[in-house]
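This report looks at how one pair of helices packs and then turns to two residues with an unusual backbone angle.

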Amino acid sequence: MATMRSVVLKAPIDGLPQPDHFALVEQAIPALDDQQFLIEHRIASVDPGVRSRLHATGASYAPPIPPGGTIDGFMVGQVVESRNARFPQGTWVTGSGGWTTHSIGNGRGYVMPVADTGLSRSLWLGVLGIPGMTSWFGLKRVGEMREGAHVLITSAAGVVGATAGQLARAWGAASVTGIAGGKDKCDWLVEACGFDAAIDYKAVDDLDAAIAASCPKGVDILFDNVGNAMIDRVLPMMRLNGHIVVSGQVADYNVPHEQRAGITNTGEFIAKRLTMRGILVFDDIPQFAAAQAEMAAMIRDGKLIYREEMFDGLAAMPEAFCGLFTGASFGRRLVRLGEF
């Protein structure tokens, strides 16, 4: 009988995740029902947002992953067996699949064919996948990006932040400033991605002063991937009718809910008529194809760049994931499971 291997959660995690919080298990691949298809995963992602689901409790867009549950993530793979005419054998697909070698789809949810763009299929887990779509729709729909906007992006060297900054520049931003950790990341944002400025939060004594100096005219759009403390410090620098895009909370994921920083500068919302809104990009799936086509053209034209960090083998997924929270990552972290 054919088997599949998966990485599962041992127990709810408090604090920083460690590789030994996870286990590798093997199980039989079940027979397909009508309309189902079997996907062999060839490349998979590790995603910081999954951290919010490794607590026993806590608010998230999806329920906690129970002990013994397969860790969620995105994949690119190939259909190797099918009882669904829309997804015949041989079809390349991307979507939700988890930290596993195989998954079973039925054509519902987030599983879609990979378009032939002439680019690496790995990009469907990064700049052309959920992270890139978060950047696109976070700016366009939630941030109401407009020409002449002053944009501030936190965790800017990650795939979401770096892509958002490049899109903002392409869409006519007056200025784009990023916040990242480390000189190499900040240099890359300015020299390669076209940011006007990048603040190394590890190297400044007064982050508030550094932001104010880099954004002397204030901030129209804060694209935040960090969390409450960052939003609170930027609120006084927001401009009239500004928008705050809540994209991620990487600084808060490993902090117990009751110990997380709050937002105190709420008077700014009234005085400046600010809008703060979260983005869950699955709301935008019907519009993905058009955005992906435009972004693929930008990549081919050298107008949108990206970085990837590649690990090998399913057993490497916990290590790749844990490094997301220590500052070790620089680029989209992916794990190669086969040829793609």
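Helix α1 (residues 130-142) packs against helix α7 (residues 288-300) at an angle of about 95°, and their axes are 11 Å apart. That angle makes α1 roughly perpendicular to α7, a label given to angles of 65 to 115 degrees. Axes here are lines fitted to C-alpha atoms, for helices over the stretch in contact, with angles running from 0 to 180 degrees between N-to-C directions. Helices are DSSP runs (H or I, at least four residues) and strands are runs of E (at least two), numbered from the N terminus.

The model is predicted: local features need pLDDT of at least 70 and side-chain atom pairs count only at pLDDT 80 or more, while totals for chains, interfaces and linings use all residues. Residues are numbered from 1 along each chain as its sequence is written, and side-chain values use heavy atoms, with hydrogens and water left out.

On the α1 side, Ile-130, Gly-132, Met-133, Trp-136 and Phe-137 meet Phe-288, Ala-291, Gln-292, Glu-294 and Met-295 of α7, where contact means heavy atoms within 4.5 Å. By class, this contact of α1 with α7 has seven nonpolar, two polar and one charged residues; Ala, Val, Leu, Ile, Met, Phe, Trp, Tyr, Cys and Pro count as nonpolar, Asp, Glu, Lys and Arg as charged, and the others, Gly among them, as polar.

Two residues that are not glycines have a positive phi, as tabulated here.

| Residue | Phi | Loop | Relative accessible area |
|---|---|---|---|
| Gln-35 | about 80° | between β2 (22-28) and β3 (37-45) | 38% |
| Arg-273 | about 55° | between α6 (267-272) and β13 (275-278) | 52% |

Gln-35 is partly exposed, whereas Arg-273 is exposed; buried means under 20% relative accessible area, exposed over 50%, and partly exposed in between (1.4 Å probe, protein chains only).

Terms used
Angles under 35 degrees count as roughly parallel, over 145 as roughly antiparallel, 65 to 115 as roughly perpendicular and the rest as oblique.
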